Structure formats: structure tokens, C-alpha cells
Protein chains: 2
Amino acid sequence: MGKLARKVALIGAGMSKFGQHFPEKRNPDMWVDAWIDAVEKTDNGIEPKDIDACYVGNYSSDLFNHQGHLGPQMADLVGLTPKPAARFEGACASSGIAMRQAILAIASGVHDVIAVCGCECMTEQPTVNVTDVLATASDNIFEYPAGATFPGLYGTIASAHFKKYGTTAEDLMNVGIKNHANGAENPYAQMQQSIKDLMNSKKARYEKQGREVPDWQNELDFLKSSSNPIIAYPLRLFDCSLITDGAACLFLAAENKAKDFTDTPLWIAGTGQGSAALSVHDREEITSFAATKEAARQAYEMAGMGPKDIQIAEVHDCFTIAEILAMEDLGFYEKGKAAEAVRNGESKLDGKLPINTSGGLKSKGHPVGATGAAQAVEIFKQMRGIAERNRQVQFDVERAMTHNLGGSGASCVVTIYEK
Amino acid sequence: MGKLARKVALIGAGMSKFGQHFPEKRNPDMWVDAWIDAVEKTDNGIEPKDIDACYVGNYSSDLFNHQGHLGPQMADLVGLTPKPAARFEGACASSGIAMRQAILAIASGVHDVIAVCGCECMTEQPTVNVTDVLATASDNIFEYPAGATFPGLYGTIASAHFKKYGTTAEDLMNVGIKNHANGAENPYAQMQQSIKDLMNSKKARYEKQGREVPDWQNELDFLKSSSNPIIAYPLRLFDCSLITDGAACLFLAAENKAKDFTDTPLWIAGTGQGSAALSVHDREEITSFAATKEAARQAYEMAGMGPKDIQIAEVHDCFTIAEILAMEDLGFYEKGKAAEAVRNGESKLDGKLPINTSGGLKSKGHPVGATGAAQAVEIFKQMRGIAERNRQVQFDVERAMTHNLGGSGASCVVTIYEK
């Protein structure tokens with residue numbers, strides 16, 4: 001793997017509010033919201049004439065919305081026709097892949113500025129269909145017909161991690177508590193409530209209804225109760241990310257163009273991508289994702305950095321166990337040591353390595369095709385010092401990472417940013 | 001639009017037999033067939049260790065096969081795991097886009113050798129569902145609910161072309177007659193029968209059955225009869241491409257690596273991509289495809305060539321009218337003049353600009369996501385002088401073009417090859 005033939009910068013980034021928006025808004029509407037937000041966050045502004053191409057990350061508008069061929073549709077909505085427009089798919093890593101391809105396309109010399117769209121409108125389908133659509137990203141011969149939807153596959157992975165490393169259900173709950181606390185500070189998040197807020201509002205509701213108020217002393221008590229039902233053992237409801245509609249928009253530019261748009265471009269220091277067997281049973285081990293390790297290896301090598309250089313990271317917490325795996329597979333912690341770090345608060349906003357300051361997929365929401373691009377939006381804000389409310393980290397972020405996973409880990413894109 | 005930062009070559013190409021293969025073969029099986037064929041056609045051989053990434057063009061395995069996330073699946077089947085793997089979608093231009101992104105990724109300096117997969121398994125669905133799946137690449141708010149499937153949209157385009165330029169139904173039939181004659185010489189084609197063969201076998205069948213034998217003097221008589229029913233006026237059955245299962249495989253390499261695999265690399269002289277409004281009614285004109293014109297403009301500019309430099313071309317004849325439009329929009333003929341050129345035999349195998357020597361989508365078949373890559377396979381064969389049976393053109397092809405269209409023309413990729 002070689003170096004980028006020329007430097008590429010992230011010059012602007014924005015997103016729609018994440019949440020349940022159908023039928024008021026669909027992919028086209030949310031994409032326009034994200035576009036406007038990103039234009040506003042590009043220092044000197046940016047216009048369609050400045051942009052060479054539109055790269056769309058989307059998992060399955062085919063199945064969610066019966067609309068394929070999103071590339072030209074999204075390009076047309078923001079005035080980019082007749083420029084190149086295409087869709088990129090790698091399950092939940094779709095817009096991470098779109099972003100990576102945009103980086104490579106700019107480095108190739110052919111394009112100077114590219115708009116990346118990530119979008120997914122999931123709530124057009126009832127929940128049972130959403131599970132079915134998502135399961136289409138697993139193996140439809142060996143996994144899906146056996147009933148192994150993603151909660152089941154990640155439950156299996158969690159059980160194996162518990163057995164091998166002594167990780168516990170409580171360790172997973174700590175991830176969710178942290179991410180919800182962050183999401184409460186993100187006005188773009190789907191669930192802007194901490195677990196404590198959720199617990200207290202439930203207590204208040206019970207009291208108001210004259211029902212016996214549960215004796216929950218803290219968030220863990222609440223998360224261990226029947227208010228947090230098992231979805232796929234050992235994963236409970238609050239171990240699972242959300243079903244979400246949303247879009248994100250990124251503007252990427254070649255070095256010689258970046259300065260036209262901002263005095264403080266964020267450079268792409270490294271990009272890496274890995275793959276693994278689609279079926280979990282086909283892999284050598286399931287307590288680690290080979291695709292993450294390969295993507296990270298490439299990204300670190302290109303950046304000339306190691307895990308210790310990363311100051312904040314957005315990682316793909318589609319399930320709480322996935323955040324634990326990512327912390328280990330990205331090299332931040334030895335295998336089996338991430339849970340302890342979470343317990344010690346190291347990944348909190350004020351910890352030594354803040355992770356998912358956005359609230360993560362768990363609390364910000366997970367419109368699958370938008371997630372990779374939305375991770376970059378959070379890094380953009382944190383590195384610029386413009387994260388909303390009380391979630392801006394209290395140091396100057398010079399180096400950061402996004403980690404975007406697809407399916408049960410068969411696809412992964414890792415990106416390293418530096419000032 | 002800039003130049004490629006480094007030169008990229010097509011070093012090997014192959015395909016599966018096109019046809020109706022489900023349930024014996026699905027995308028994974030056909031992809032392996034195509035891979036083996038391409039390895040055999042790579043002079044010095046090629047192995048997984050030589051390849052950096054797997055780029056998969058596929059329109060909608062989601063809807064055709066209920067299987068998304070093809071990138072890692074296809075990579076794993078040929079031993080490329082854990083290398084980068086992703087899927088690229090632009091309706092019927094999907095593998096043209098995958099190929100283009102592979103070219104840019106190599107030019108970027110990050111990858112040296114990439115395997116491009118194009119695949120689609122359509123016959124898992126009954127024909128009525130196939131029409132529905134394909135219509136998902138049109139606008140699902142304005143076109144699809146109004147019943148405007150692709151035969152209807154292309155019928156509208158044909159009618160407008162008839163009115164504006166005096167093109168006739170017979171002109172379209174001449175395109176089909178030529179392409180079937182070529183396809184009869186292609187052992188990989190779905191329909192290896194000329195229109196004359198089809199006519200004569202129908203006559204023979206009638207005679208055998210004791211029925212009155214139609215008095216068809218030539219192919220046009222046959223194509224004007226009720227044996228060639230109207231599908232969407234003015235398009236008849238033999239104006240429409242086929243519903244097909246198939247896959248194609250391309251190996252692309254950076255200049256410094258290409259020589260390891262062959263002494264006669266085919267260079268990518270130019271690549272261009274364009275887009276247009278998804279809905280036909282949103283376009284300024286419908287007798288010309290703006291996306292084709294833009295893609296061609298970029299490709300010619302990059303190659304430093306013009307239409308007169310192209311010696312053979314594979315163009316996207318999803319309907320016969322689309323071949324007429326392509327001949328004009330690519331600049332080979334003035335608007336309204338292509339039909340006459342077809343009538344004069346200029347686009348035949350022995351004409352001055354042979355078009356669709358493979359048989360085209362019309363006769364070779366149109367597994368939508370495989371088509372763009374399969375067009376490159378034919379160019380590879382013609383430029384190498386290894387086209388099967390009697391369809392090798394009788395001159396040394398130094399410069400050639402592929403034209404891959406998506407939907408009703410909302411996406412287009414044009415590639416120019418030179419020795």
C-alpha cells in the first residue's frame with residue numbers, strides 16, 4: 001500500500017438531525033439538510049460550481065425505500081448535475097467507503113473537490129422489516145436463514161468475549177451509559193437523554209401513576225432491570241444502537257484547493273480499509289475483527305502514527321460490545337483490557353482517550369449509510385472546537401480517528417485526521 | 001478535471017457465460033467463473049497476493065437476491081480477504097463505475113493492482129419482479145408509481161427521436177439485426193443466434209407443425225410481424241436487451257506493475273463520468289443523454305482524443321434506441337445521423353466503426369451490474385486480437401471505447417483504451 005499522491009483535506013462537514021423523520025423527510029430531504037449544515041460550517045462557503053463530484057454512501061435505499069440509483073438523484077438536488085455521481089456500499093460502512101473513495105479520487109489528480117453524502121431512511125419500514133433488511137448484509141445462505149440477525153451475531157461475539165476475557169454485561173452497560181451521557185450534549189442526536197435521565201423519568205412516571213417506584217440506586221440497577229430487556233443474550237435493549245433516519249455531508253479538497261475554503265483544513269493523515277469473511281463462522285476468531293485490524297494497520301502506516309498518537313476517536317458502536325472490540329482491535333488497549341478502561345472512565349469526555357463524544361451510534365443514532373460520514377462530522381467539530389453544548393473536549397485535538405464497520409465486521413474503514 | 005497522477009493499464013479480463021443460470025449459479029459462482037477466465041487471459045498469470053483490493057459493481061443484489069454487502073463476500077471467494085472490498089452502484093453503470101473508481105484508486109498511489117468484479121443474478125426473480133427491481137433505478141416518486149418502467153421511458157425517448165429526426169422503427173431493427181449477428185459469434189453470449197437464424201428456425205418449426213409458414217423475405221419482415229410484439233411503443237421485443245445472469249472480471253494495474261503481468265498492457269487513456277436528473281421529465285431534452293455527453297467530454301479531454309480517433313466501441317444498447325443515441329452523443333455521428341450509418345453498415349464488424357462486436361446487451365445479454373465490466377472484456381479481446389469465432393475485427397485496434405449507461409441515462413461512464 002502506497003501513500004496518497006497528493007494531500008487531501010476535510011474542509012467542511014455537517015449533518016441533518018438524526019431521528020425518526022419518515023414520512024416528513026426522506027433521503028433527499030435529509031441530504032439537503034446535511035448539505036446546508038455543511039455549507040454553513042465551511043469557513044469561506046462553498047458552491048456547487050466549486051465541487052467536481054458527488055459520492056453517496058448508502059446501504060440499501062433499494063430495500064428500505066424501493067429507490068436505487070441514489071448517486072445522480074442526490075447530485076441533482078444540490079446542483080451538481082451533470083458531474084460524476086455514484087453510490088458506494090459496504091453495509092454500515094457505506095459512507096466510510098464513499099469518503100475513502102473520494103479521498104483516493106482527489107489524490108488521483110482527477111478531482112479537486114468532492115461532496116460526500118451519507119444517508120439512510122430506515123423508518124419507512126416497520127422494525128421487523130428493518131431487521132430483515134439489515135440481515136441482508138450478513139450471509140444469506142448460512143446466517144440469515146438460520147435466524148442469525150445482527151443482534152444474534154453480536155450476542156454470540158459478546159458471549160465469546162465474556163468467556164475469553166472475563167468481560168461482563170455490566171462492562172457493556174458502562175459503554176452505553178457513557179455514550180448516552182455524550183449524546184445528551186448533542187443537539188443532532190436521536191436520543192438526547194442520559195441513562196440517568198431515562199431512569200429518573202421512568203421513576204417519575206411510575207410515581208405519577210401511583211405504581212411502586214423501583215429502587216434503582218444508579219444507572220446499572222436500571223440497566224439490569226426488566227426495563228432493559230434482553231434482545232439477544234447477553235445483549236439488552238440499551239446495548240443496541242438505534243433505528244434512525246439521517247444524512248451527513250462532507251466536503252473534501254486537494255491541498256492546493258483547500259486553502260480557498262478555510263485557513264484551518266483538517267488533513268487526511270491516513271486511510272485504511274479491510275475485509276473479512278461475510279459469515280462469522282468462517283472466521284478464525286470472533287472476539288476480534290480482522291477487518292478492523294487490517295484497516296487500522298493501513299491507516300497507521302500511511303499516517304506514520306500509532307494508537308498512542310490518537311487523541312479522540314469515533315468508533316462503530318452498533319452494539320456496546322463492538323465499542324469494546326474496536327478499542328482493542330484499533331490498538332488503544334490490549335485484548336481483554338478495554339472493559340477496564342471504560343470502567344475507569346478513560347473513554348469519557350474528560351478521560352485520557354475520549355471515545356464517541358457524539359454519543360455514538362448508541363445515542364446519536366445509526367442511519368446505517370450515514371454513520372461513517374457522521375463520524376467525520378463529529379471529528380470535524382471536535383478538532384475545530386465547535387462541538388455543541390458541553391461535549392467539546394477540553395484540549396486541542398491535533399490527531400483523531402474514525403472507525404466505521406460494516407455488517408458483523410466484514411467491512412471496515414479507518415481514517416486518521418490531523419491538523 | 002485533471003490527469004491521472006500515474007498511468008493505469010488493463011492487464012487481464014474475463015467473464016462467465018451470460019445466460020439464465022439461477023439456481024445452478026448465483027453471483028458467487030459466476031464471479032468465480034469470471035475470475036478464472038480472467039486469470040487465464042492474463043499473460044503471465046496473476047494470484048491473490050498480487051492484488052490489493054476488490055471493487056464490485058452490482059446494481060441490486062439486495063432486491064434480486066436478498067443479499068447485500070457483496071464486497072467482502074466476493075473478495076473472500078477469490079482469496080483477497082482481508083484486503084479492501086466494496087460495492088459500487090449506479091444502476092446499469094455499476095461496474096463501469098467500479099472500474100473507474102479502481103482506475104482512480106490506482107492513480108492515487110494507494111493501490112497498485114485491483115480486481116474489478118461486475119455481477120448480477122437477475123433470474124432469481126420472475127420477470128415481473130425484474131421489471132420492478134429495474135424500475136427502482138428510475139424516480140420512485142414521479143416515474144415508477146406512474147407505471148413508467150424502463151421500456152416505457154425508452155419508448156418515450158424513441159418516439160421523441162422519431163419525431164425530431166425522422167428515425168424509424170426499421171432503423172432500430174437494424175441495430176438489433178447487427179448485434180444479434182455479432183452475438184452469434186460470441187460463445188459467452190446469452191443468445192448466440194442471428195435474427196436470420198431465429199426467423200428460419202421459426203419458419204422450420206411452423207412447417208414441422210403443419211402450420212402456414214410466414215412469407216418473411218428478410219429479417220425486417222420477421223421483426224415487423226407479430227412474432228416481434230410491441231413491448232412499449234415503438235419498442236418491440238427485439239428492441240429490448242435481455243434478462244441475464246452473469247459476471248465479469250477485470251485486472252487493472254499501475255504502470256510500474258503492469259509489465260509484471262503482460263508485455264502488452266492496454267492503457268486507460270481516458271475516463272469520464274456524467275450524471276443527469278433521475279427523472280426523464282426533469283431534463284432539458286430527451287433525444288440526447290447529457291450524462292453521456294459529459295462523460296465523453298471528460299474522457300476525450302483526458303485522452304487528448306476525439307471521436308474520430310476511436311476505432312471500435314462497446315456502447316450501452318439496453319434498448320436499440322440507446323445505441324442510436326450513444327452513437328450521436330459520443331460524437332461519432334451528428335444528431336439524427338446515426339440511423340443512416342447503421343443502415344449503411346458502418347457499425348457492423350466490417351464497417352468503418354464497428355460497434356458492439358460482442359453482440360451488445362441485446363444479444364450478449366445484460367446482467368445489469370456486470371455489463372460495464374463485460375464491455376471492457378470485449379475491448380480487451382478485440383485489442384488483443386483474441387475475439388472468438390468470426391467476430392475479431394480485421395485490423396489492429398489501437399484505440400477503443402466503452403460506454404456504460406445507468407437507468408434512463410442518469411449515470412454514464414465512458415472509458416477510452418489505447419495500446
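Here's a walk through a predicted model with chains A and B, going from one chain to the contact and then to a few elements.

Let's begin with chain A as a whole. Chain A holds 15 helices and 11 strands, and its C-alpha trace spans about 60 × 50 × 45 Å along the principal axes. How does its radius of gyration sit with the globule rule? For 419 residues, a compact globule would come out near 22 Å, and chain A has 20 Å, which agrees. Burial adds to that picture: 65% of the 419 residues in chain A are buried. If you take the contacts in chain A with a separation of 6 or more, 77% of them are between residues 24 or more positions apart.

Helix α1 of chain A, residues 27-40, is a good place to zoom in. With 14 residues, α1 reaches 20 Å from first C-alpha to last, close to the 20 Å expected at 1.5 Å a residue. Its buried residues include Trp31(A) and Trp35(A), along with Met30(A), Ala34(A) and Ala38(A). Asp33(A) and Asp37(A) are also among the buried residues of α1(A). What do these buried residues pack against? Their partners in chain A are the strands β1 (8-15), β4 (113-121) and β7 (245-254), plus the helices α2 (61-65) and α3 (70-77).

Now for the two chains together. Two copies of a chain are related by a rotation about an axis and a shift along it. Here, a turn of 180° and a shift of 0.0 Å along the axis lay chain B on chain A with an RMSD of 0.0 Å. That is the relation of a two-fold axis. In chain B, the C-alpha nearest the axis belongs to Ser108(B), at 1.8 Å from it. Both copies use the same surface, as 100% of the contact residues of chain B recur in chain A.

The contact itself draws 54 residues from chain B and 54 residues from chain A. On the chain B side, the elements giving two or more residues are α2 (61-65), α3 (70-77), β3 (85-89), α4 (94-107), β8 (266-275) and α11 (290-303). By residue class, that side of chain B divides into 25 nonpolar, 21 polar and 8 charged. The strand β3 turns up in a pairing across the chains: β3 (residues 85-89) of chain A and β3(B) run antiparallel, joined over 3 bridges. One pair to look for is Glu89(A), whose bridge partner in β3(B) is Arg87(B).

From β8(B), one of the elements in the contact, you can step into a run of strand pairings inside chain B. β8(B) and β11(B) run antiparallel, with 8 bridges joining them, and Ile268(B) stands opposite Tyr417(B) in β11(B). β11(B) (residues 411-418) also pairs with β10(B) (residues 399-406), again antiparallel and over 8 bridges. In that pairing, Thr402(B) has Thr415(B) as its bridge partner. The hairpin of β10(B) and β11(B) has 4 residues between the strands, and Gly407(B) takes a positive phi near 60° there. Is β11(B) mostly covered or mostly exposed? Mostly covered, with 7 of its 8 residues buried.

One last stop is helix α7 of chain B, residues 169-183. At 1.5 Å a residue its 15 residues should span 21 Å, and the end C-alpha atoms are 21 Å apart, so the two agree. α7(B) is mostly covered too, with 13 of its 15 residues buried.

Methods. Residues numbered from 1 in each chain as written. Chains lettered and ligands numbered in written order. Predicted model: local features only at pLDDT ≥ 70, side-chain atom pairs only at ≥ 80, totals over all residues. Contact = placed C-beta atoms within 7 Å. Nonpolar A, V, L, I, M, F, W, Y, C, P; charged D, E, K, R; others polar. Pairing = 2+ DSSP bridges. Least-squares fit on C-alpha atoms with pLDDT ≥ 70 in both. Expected span 1.5 Å × (residues − 1). Buried ≥ 20, exposed ≤ 12 C-beta atoms within 10 Å, placed from the backbone. Rg over C-alpha atoms; globule rule 2.2 N^0.38 Å.
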